[in-house]
Amino acid sequence: MATGAGASGETLAPLTQRPAWKALQGHYENIRGLHLRNLFAGDAKRGERLTAEAAGIFLDYSKNRITDETVRLLIALAEESGLRPRIDAMFRGDKINVTEKRAVLHVALRAPKDESIMVDGENVVPQVHAVLDKMAAFSERVRSGAWKGATGKRIRNVVNVGIGGSDLGPVMAYEALRHYSERSMTFRFVSNVDGTDFAEAVQGLDAAETLFVISSKTFTTLETMTNAHTARDWSLAALGGDEKSVAKHFVAVSTNAKGVSEFGIDTANMFEFWDWVGGRYSMESAIGLSTMLAIGAENYGAMLAGFHAMDEHFRTAPFEKNLPVLMGLLGVWYADFFGSETVAVLPYEQYLKRFPAYLQQLTMESNGKHVTLDGSRVNYQTGPIYWGAPGTNGQHSFYQLIHQGTRLIPCDFLAFAQALNPLGRHHDILMANVFAQTEALAFGKTAEQVKAENTPDWLAPHRVFDGNRPTNTILAAKLTPDTLGKLVALYEHSVFVQGTVWQINSFDQWGVELGKVLAQRIVPELESDEETALAHDSSTNALIRRYRGMKHG
């Protein structure tokens, strides 16, 4: 494999040839059989020592299959991978997204007004705050009732239309912060080009009280614009066909002023963002307009402050105390040395029910890459599969496989000390399950313990838990807008750490393109009433013909 250049221009050795990587291979062979039972038995302070805390986020990583030497070698690998100069390059505004020749500056979206972050010689922070101020003024008009629809009614329903980062971030943030949302308003989200998604989203809504937020940077995204035009038709049909009503019921998050204007949206109500913001990193840009409409500008600002607090921790903290660095490196440890293929994210907070889905795009679109920055094929594993569901629901679903299955699945448990909706014993029971699950996964239950319970011999093997299943526990006081910002930034930067070690570009997504291009080619073949020549493979040709034969019943 070819060598690659680091952020500061130095030549990096291929990953598998770096001294720390080779040392980790030998170290893995030495400790792979160690059990967490023995690691804890041999170190009475392990559970207090292998922890880190920053910005109100506490990480207990003691229940991982590691020793102090593991951590030392992983940090050495980060240093040999040029992590520090690459962090500096990102925050400096260097164009580290090399395939698209762009800076990577989601950190600028949450920078305070007095900071300076340069792109092509221009400080972009004033631009960011100009858009935030515009969003805040608009949100206040809508939330206060000053903004009126075409018939003079106030807006009571907001429908966000987007896909990918223009949908997953807003949906996740709305659900996560629903406790803080304006309850007199209804918020719905449309992303899937399946007509059912739109039909159900507008079910029961009064068009005269409904505002659509169309989120598409180019204003050309197939799924988003298909849904946007359907929304336009739906709104016009209910409002007497008056084209001028579009400007009262539609706003845009976009950079395509011409397309926005042609749609009928007043460009004064177009909220911009920039090519140095990737879609999956954009939830706190203008893409978060629906979030601000839901929770208000003050809460939105608190969320941005949370992001920034974690940004500063990541930028400045030594690696051995750096939460995103530790989490990112542990991910490398399991993916590349233990061969783990997935990571389970298990929030014990119902409001975070969409957090695992959000992380799927963040992690898998970022690090699902098979070539290095210089285009060489990797010869090691990169991004694992992220999945999960809220506890305690998951305990009655897939935890069986995590506990007693044949696959090693590292887990992140997220929990909060204070309930947003305190009801009797509920929260103590919820938190008891967090601590019980991580304890059970780490230590299991031996055959001797099972037999000591007078379990029949024939049943005993079924009740043995091997344990030695690694977990992180992430604990915060309460799920607030500030805390949500910190958690998202924590995972964003851990993804960055992994991408740096793997020497891949975490900020492009060419894998999204091929299917989109082919779909554009197939659409007219499906819509045609006449038999057209098909030039696909025999399977695709046959499926298209069968669909055309079936679609009219």
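Angles under 35 degrees count as roughly parallel, over 145 as roughly antiparallel, 65 to 115 as roughly perpendicular and the rest as oblique; the views below show a predicted model.

**View A. Packing of helix 19 against helix 20.** Helix 19 (residues 513-527) packs with helix 20 (residues 538-550) at an angle of about 40 degrees, and their axes are 9 Å apart. The two helices are therefore oblique to each other, and their crossing is right-handed. From helix 19, Ile522, Glu525 and Leu526 meet Thr540, Ile544, Tyr547 and Arg548 of helix 20. Sorted by type, the residues of this contact are four nonpolar, one polar and two charged.

**View B. Packing of helix 12 against helix 13.** With axes 8 Å apart, helix 12 (residues 289-316) and helix 13 (residues 323-338) pack at an angle of about 75 degrees, and they are therefore roughly perpendicular to each other. Met310, His313 and Phe314 in helix 12 meet Leu323, Pro324 and Val325 in helix 13, a contact whose residues divide into five nonpolar, one polar and no charged.

**View C. An open sheet of five strands with parallel pairing.** The strands follow the order 8-7-9-10-11. Strand 8 (186-190) and strand 11 (270-271) stand at the edges with a single partner strand each, so one side of each is left without a neighbour in the sheet. Strand 9 (residues 210-215) runs parallel to strand 10 (residues 250-253) and is joined to it by four bridges; phenylalanine 212 has phenylalanine 250 in strand 10 as its bridge partner.

**View D. Helix 7 and helix 9 on the strands.** Helix 7 (residues 165-176) lies across strand 7 (157-161), strand 8 and strand 9, and runs at about 150 degrees to strand 8. Helix 9 (residues 222-238) packs on the sheet and touches strand 7, strand 8, strand 9 and strand 10, its direction making about 160 degrees with that of strand 9.

Methods: Residues are numbered from 1 along each chain as its sequence is written. This is a predicted model: local features need pLDDT of at least 70, side-chain atom pairs count only at pLDDT 80 or more; totals for chains, interfaces and linings use all residues. Side-chain values use heavy atoms; hydrogens and water are left out. Axes are lines fitted to C-alpha atoms, for helices over the stretch in contact, and angles run from 0 to 180 degrees between N-to-C directions. A crossing is left-handed if the near helix is turned anticlockwise from the far one by less than a right angle, and right-handed if clockwise. Contact means heavy atoms within 4.5 Å. Ala, Val, Leu, Ile, Met, Phe, Trp, Tyr, Cys and Pro count as nonpolar, Asp, Glu, Lys and Arg as charged, and the others, Gly among them, as polar. Two strands pair if DSSP finds at least two bridges between them.
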